Amino acid sequence: MVNKDQRAARELAASDGIPYARALRQVRQQPRPPIPPEAIAALECNPAAGYAGDDWSFEARHAREDARKLDHWRARQKGRPTRLWEADIEVRCTAISEHEAWWRIALGYMRTPVYRDAGMSGLCCHTQELHESGDGRREVAVVPRDQLAAGEWEDLVDDYPRRPMPWPATWTPRGPEKAYDIADYVASLRRAAARAAGQPVDDPGRPALPTSTAERLHVWRAVHCAEFLAGVTIDDARTRAAELAATIVDAHGRPLARVLDVRPDDGAPGKDGVWLHPVTWSGSIESAERLWNDYDAAGTPLAQLLAGEADRLEQQWRAENTEIDAYEARLHTQPDGTRTLSTPEELAEVTRFITARWQGKTVDEIRKQAQHWRYMADRVYSKVVEGDEDTKRIEHADAMAKALSRLADERATRPGQSTVPRHSPGEEFVWVTPAEVDPGDEEAGLVWRGTDAADYAFRAENMPAARQEQGARDQ
């Protein structure tokens, strides 16, 4: 669901004209209102009441959608005493850089709470913004060494992955570092499942880190905001929050996270004093359905959750690789070593066509057209890529831009050369003069055919007459 603090901060920043970071701090410092008596009544009322059936205004349509969400919520609740809660769960790790820390503890792949409904984290859990710097958001922050508990530094250093390669500046789709980290965390989840089930743990231990690596490590933290359903009391919510935190583990399968705060999400005041149920303004039917599925599965053993998450993560990684393998199988290697969906013959034909068509243009016209195709490839065609044909269209536009750039460079290095093409005596040639044809006109066609270059040069100076004579000849 949408973080209501961030939503309120955006509205406050827009209304008061203040920076978003300041608005977010103000929102989070405001005390949360207690549950008003109207909250219970709001569950029984119909948000669409008062709107005629033929009223299709935005407000009426929005109210009918809210009513539909509430009806679905009541149907799943079945009168049970439940409440929607939020928990702040902190995770710490060691990392060399902010990007590495973000990958280890803030990315959805790993070290996020495991719900009973598999794959639910993406809908009902998000990583909070810890501090802002400029316009960018920061989801991880450094923890000073003097704020660590006794033995925490040693445990977090021991949790650092023993990669056989240095950390890369950017991730490749299937880089060895990425594969190592995911496999390492899958093994950690399986060790945690064995611990929870009281079974022997296959934990060979971690070799000592090189001194050069250990000296570069810092402790980083991230805070996950997880939404869940529990009983109406704070004790019920804390119990469930502790269960979620226990699903985040270190390399040895031991709990790695801790609960910072638990609070109810009872909605917010709306217009005219109406109290809005949270599902009507911050959620969707899909996320509400997953929340109730998670609640109905209460009592699922922790070992089963951890083992299931290990299987799901492994299957997700394998599925992504399978999709990439299928894509790679459709690619062709070009002479310059690049991989494209278009065959080398297709791109060569595109290059020949565009080069022949623009041979007679000036250097400025050729460069202008090269910029046009570069813009089409980078800014127009790339906006909608739904299949291989869309990708090939981008590749063709890119090939035309490169071919025209090369042609312009060649022409610029040979100043004063005649625009009349070289040809053997008696050989027919085709030429288009830049003075007579719009560079952007795709239907320009041919202007002159001839076998004598001198005759062509003379007639090109008198193009209107040449056009008339050529038209009469064609008739």
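Here are a few worked exercises on this predicted model.

**Exercise 1.** Find where confidence in the chain is lowest and where it is highest.

*Solution.* Start with the overall level: the chain averages a pLDDT of 79, with 77% of residues at 70 or more. Next, go helix by helix: helix 17 (residues 453-461) sits at the bottom with a mean of 40, while helix 10 (residues 234-245) tops out at 96. Finally, look at residues 416-468, where pLDDT is below 50; this stretch still has 66 contacts in the model beyond near neighbours in sequence.

**Exercise 2.** Classify the ring pair Trp 73 and Trp 292.

*Solution.* You'll want two numbers, since a pair of aromatic rings is described by centre distance and plane angle. The centres of Trp 73 and Trp 292 are 5.2 Å apart and the planes meet at 65 degrees. Edge-to-face needs over 60 degrees, so this pair is edge-to-face. Now place the partners: Trp 73 is in helix 4 (residues 58-77) and Trp 292 in helix 12 (residues 285-296), 219 residues apart.

**Exercise 3.** Extend the picture to Tyr 295: which residues does the ring cluster contain?

*Solution.* Trp 292 also pairs edge-to-face with Tyr 295, at 5.7 Å between centres and 90 degrees between planes. These two are 3 residues apart in helix 12, so about one helical turn separates them. Put the pairs together and you get a cluster of Trp 73, Trp 292 and Tyr 295.

**Exercise 4.** Is Ser 188 buried or exposed?

*Solution.* First locate Ser 188: helix 8 (residues 176-196). Its relative accessibility is 0%, so Ser 188 counts as buried. Then check who it touches: Val 249, Asp 250, Ala 251 and Gly 253, leaving aside residues up to four places away in sequence.

Definitions and conventions:
Residues numbered from 1 in each chain as written. Predicted model: local features only at pLDDT ≥ 70, side-chain atom pairs only at ≥ 80, totals over all residues. Heavy atoms only, no water. pLDDT = per-residue confidence, 0-100. Helix = DSSP H or I, 4+ residues; strand = E, 2+ residues; numbered from the N terminus. Contact = heavy atoms within 4.5 Å. Buried < 20%, exposed > 50% of the residue type's maximum accessible area, 1.4 Å probe, protein only. Phe/Tyr/Trp six-rings, centres within 6.5 Å; stacked < 30°, edge-to-face > 60°.
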